[in-house]
Amino acid sequence: MQKPFSQACENNKSYILNTLKDAFATCANILEVGSGTGQHAVHFAKNLTHLTWQTSDLIDNHQGINLCIDDEPSDNLKRPLVLDFAKPWPVELVDGIFTANTLHIVSRPLVESFFKGVGLHLRNNGTLCIYGPFKYDGEFTSPSNAQFDLWLKNIDSNRGIRDIESIISLAKKEGLLLVNDVDMPANNQLLVFKRSA
Ligand SMILES: C[S@@+](CC[C@H](N)C(=O)[O-])C[C@H]1O[C@@H](n2cnc3c(N)ncnc32)[C@H](O)[C@@H]1O
């Protein structure tokens with residue numbers, strides 16, 4: 001198998017890292033869900049040496065993530081766990097959770113499962129960071145995001161760019177408050193949530 005590659009990850013990883021440096025400054029262990037190609041994990045583990053980065057994804061992506069880690073291993077970067085939003089998560093409590101470009105890929109019930117998982121596995125005072133496109137007051141932030149949403153729904157009608165208000169509401173049910181909403185290139189956001197003590 002050839003190592004998978006995402007140009008989008010290459011383009012966005014330094015911008016995301018800049019925000020994660022602050023957001024995860026006091027965290028020791030991070031769980032990434034939906035690690036994809038593993039490019040984000042390799043970059044963030046290499047540059048956030050104070051913490052341990054645990055990758056995870058559906059089993060189909062593990063070979064690619066492992067190839068990525070083989071090329072750039074770090075002592076603080078962990079091989080992927082099988083983690084499906086729909087099933088119990090194979091982890092204990094973590095200080096931080098990161099996910100990129102997953103919530104518009106999974107169905108709405110799986111978005112709810114994601115937040116239930118966060119509620120069960122993020123410790124008090126923990127930080128959740130979500131990267132991706134969102135709608136505000138029902139409006140896309142750009143014409144290209146509106147086109148992207150149509151493209152997603154043509155593949156699977158359960159997919160689609162989520163309303164930020166529904167994401168904030170699901171987070172609130174798990175004791176998480178939005179503390180930062182950072183504009184990212186290419187009409188994406190990095191949402192930073194904090195769980196109360
Ligand atoms: C668009 S990719 C994003 C990958 C990577 N985070 C990135 O930004 O390039 C969506 C990811 O969500 C994962 N995913 C899809 N359904 C999932 C589920 N039910 N549970 C956990 N992850 C899931 C996919 O395997 C894939 O890695």
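Visitor: Which residues are closest to the ligand?
Guide: This is a predicted model, in which local features need pLDDT of at least 70 and side-chain atom pairs count only at pLDDT 80 or more, whereas totals for chains, interfaces and linings use all residues. Residues are numbered from 1 along each chain as its sequence is written, and side-chain values use heavy atoms, with hydrogens and water left out. Among the 17 residues that surround the ligand (each with a heavy atom within 4 Å of it), the closest are Gly34, Asp57, Asn61, Phe85 and Ala100.

Visitor: Which residue has a side-chain N or O atom 3.2 Å from an oxygen atom of the ligand?
Guide: Among the polar contacts (pairs of N or O atoms within 3.5 Å), a polar backbone atom of glycine 34 lies 2.7 Å from a ligand nitrogen, and a backbone N or O atom of phenylalanine 85 is 2.9 Å from a nitrogen atom of the ligand. The ligand oxygen, by contrast, is paired at 3.2 Å with a side-chain atom of asparagine 101.

Visitor: How much of the ligand's accessible area does the protein cover?
Guide: Accessible areas come from the Shrake-Rupley method with a 1.4 Å probe. On its own the ligand has 590 Å² of such area, and the share covered by the protein is 82%.

Visitor: How is the shell around the ligand divided by residue class?
Guide: Gly counts as polar in this scheme, while Asp, Glu, Lys and Arg count as charged. On that basis, the shell around the ligand divides into eight nonpolar, seven polar and two charged residues.

Terms used
A polar contact is a pair of N or O atoms within 3.5 Å; within protein, one must be able to donate a hydrogen and the other to accept it, and residues adjacent in sequence count only if both atoms are side-chain atoms.
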